[in-house]
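User: Could you take a close look at one part of this model for me, the stretch where two strands pair up, and then tell me how the rest of the chain fits around the picture? Keep it informal, I'm happy with angles and percentages.

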Amino acid sequence: MIPYGKQDINQADIDAVVDVLTSERLTQGPVVPEFEKKTLTHCQSRFAIASNSATSALHIACLSLGITKGDIVWTSPISFVASANCALYCNADIDFVDIDPVTGNMSVSALALKLKKAKKNNALPSAIIPVHLAGQACDMEVIYLLAQEFGFKIIEDASHAIGGYYQDSPVGSCKFSDITVFSFHPVKIITSAEGGMALTNDKKLAKKMRSYRSHGIVNSEEDFKKETHGPWYYEQQSLGFNYRMTELQAALGVSQLNRLSTFVEKRHQLAQIYDQAFKAENLSSLHQSSDSVSSYHLYILLLPTSKSDLQRKLFEYLRAKEIFVQIHYIPIHLQPYYTKLGFNVGDFPNAEAYYKRAISLPLHPNLQPKEQTYIINNVIEFLYENT
């Protein structure tokens with residue numbers, strides 16, 4: 001089976017993990033800070049907080065911004081459910097902004113219109129979480145300008161996008177956001193097995209996220225609310241969580257970062273091959289904006305028709321051919337949990353139309369030329385016979 005995504009582990013990665021295994025510290029040692037520092041160097045931002053997953057990073061990002069009951073958070077309906085769940089974890093209300101059908105990212109025109117209506121109804125969001133689908137950044141400058149006008153905070157869900165660029169700045173610079181979150185799941189650009197990271201340029205937000213990451217505890221005397229009892233003293237000042245990353249995960253992440261540019265370059269080469277092959281057949285993928293450079297976490301092909309049976313048939317056909325395609329994503333608002341919250345079919349028509357046309361083809365650095373040719377030929381053959 002040809003997987004849609006797959007980690008690339010080399011001997012240097014293995015050696016880095018073994019070094020930690022034979023060291024004295026498997027957790028809360030020096031390697032997590034090293035991973036954070038190395039990520040900051042790439043992203044050109046000030047503070048990084050590594051976590052055990054991107055979901056955890058999204059949660060502490062919301063907490064650090066003070067998101068709580070009575071607040072409203074908006075995100076994209078085309079994402080993994082974690083992008084919305086993080087607001088619910090804080091007892092906030094969640095809503096969605098429809099996508100741009102060309103890029104799959106949050107539509108800035110739909111966002112602007114929804115904000116104007118929300119202002120009239122005294123229901124503006126406290127935060128917005130734009131999602132960089134497949135590795136391409138949203139139109140962050142426009143979203144930032146809207147934030148200045150309407151007074152909301154911004155968390156970039158860049159789970160797909162480390163190694164990408166927006167307006168010549170690396171995704172993660174937080175130039176147009178309060179916080180950026182990365183994922184290091186094995187199918188992502190680089191991996192730490194499981195893991196995530198939140199980046200910010202705000203010292204106060206960084207301090208809050210570090211505390212929430214570790215039970216709400218602070219260890220620095222300058223932050224204590226009571227008089228210290230001695231060098232062992234610490235304080236729990238909020239209700240936090242055990243969201244820490246281990247030294248093993250961080251060691252793998254540090255090693256993987258050394259090949260970040262190589263991974264992204266290879267993904268671009270593979271995407272170009274797909275583009276050229278499908279362009280000849282009048283098939284298209286998500287549009288790549290001129291002001292951004294995608295990290296190409298995913299290659300999403302858009303089928304020529306939204307007939308749901310075509311997507312299902314192609315999916316089943318390719319899986320039967322040992323090609324592990326996937327769908328990214330079922331619109332969050334159509335999930336049973338979210339329909340119980342009051343969302344319905346028809347609420348976000350662009351997202352729903354996109355869902356019926358999208359199929360993710362295998363894309364990872366170890367994809368071989370023969371495998372990619374096999375994928376392309378099978379897609380084209382199926383569409384010739386079924387459209």
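Analyst: Sure. Let's start with the pairing: strand β2, residues 72-75, and strand β3 run parallel, with 4 bridges joining them. Keep in mind that this is a predicted model. One of the partnerships to click on is Trp74, whose bridge partner in β3 is Asp95. The link between the two strands goes through helix α4, residues 82-89, and β2, α4 and β3 together make a right-handed β-α-β unit.

Now look at β3 by itself, residues 93-96. Ile94 and Phe96 make up its covered face, while Asp93 and Asp95 are on the uncovered one. So that's Asp95 twice: on the uncovered face of β3, and as the bridge partner of Trp74.

For a helix with a similar sort of question, try α1, residues 11-21. Its buried residues are Asp13, Ala16, Val17 and Val20. They sit on the same side of α1, because the arc they cover around the axis is only 95°. The background is simple: an α-helix has 3.6 residues a turn, so residues three or four places apart point the same way. As for the cover over that buried side, it includes α2 and also α8, residues 247-257.

Right after that comes a backbone oddity. Gln28 is in the loop between α1 and α2, the latter being residues 31-43. Its phi is near 55°, a positive value in a residue other than glycine. Gln28 counts as partly exposed because its relative accessibility is 46%.

His215 is another one to check, with a positive phi near 70°. You'll find His215 in the loop between α7 (203-213) and β10 (217-218). With a relative accessible area of 34%, His215 is partly exposed too.

There's also a peptide bond worth a torsion check: His328 and Tyr329 are joined by a cis one, with omega about 5°. Tyr329 is in the loop between α10 (308-320) and α11 (336-339). For context, most residues other than glycine have a negative phi, and most peptide bonds are trans.

Since α10 has come up, have a look at Gln311, which is in that helix. Gln311 counts as buried because its relative accessibility is 9%, and the cut-off for buried is under 20%. Apart from its neighbours within four places in sequence, Gln311 is in contact with Leu303, Ile327, Tyr355, Lys356, Arg357 and Ala358.

Zooming out, the chain's secondary structure comes to 13 helices and 15 strands. The radius of gyration is 21 Å, which agrees with the value near 21 Å for a compact globule of 387 residues. Along its principal axes, the C-alpha trace spans about 75 × 60 × 35 Å. Of the 387 residues, 53% count as buried. The chain exposes about 17600 Å², and carbon and sulfur atoms supply 51% of that. Finally, if you take contacts between residues at least 6 apart in sequence, 73% of them join residues at least 24 apart.

Note on methods:
Residues numbered from 1 in each chain as written. Predicted model: local features only at pLDDT ≥ 70, side-chain atom pairs only at ≥ 80, totals over all residues. Heavy atoms only, no water. Buried < 20%, exposed > 50% of the residue type's maximum accessible area, 1.4 Å probe, protein only. Pairing = 2+ DSSP bridges. Right-handed = clockwise from strand over helix to strand, strands pointing away. Rg over C-alpha atoms; globule rule 2.2 N^0.38 Å. Contact = heavy atoms within 4.5 Å. Areas by Shrake-Rupley, 256 points an atom, 1.4 Å probe, with all protein chains shown as cover. Arc of directions from axis to C-beta.
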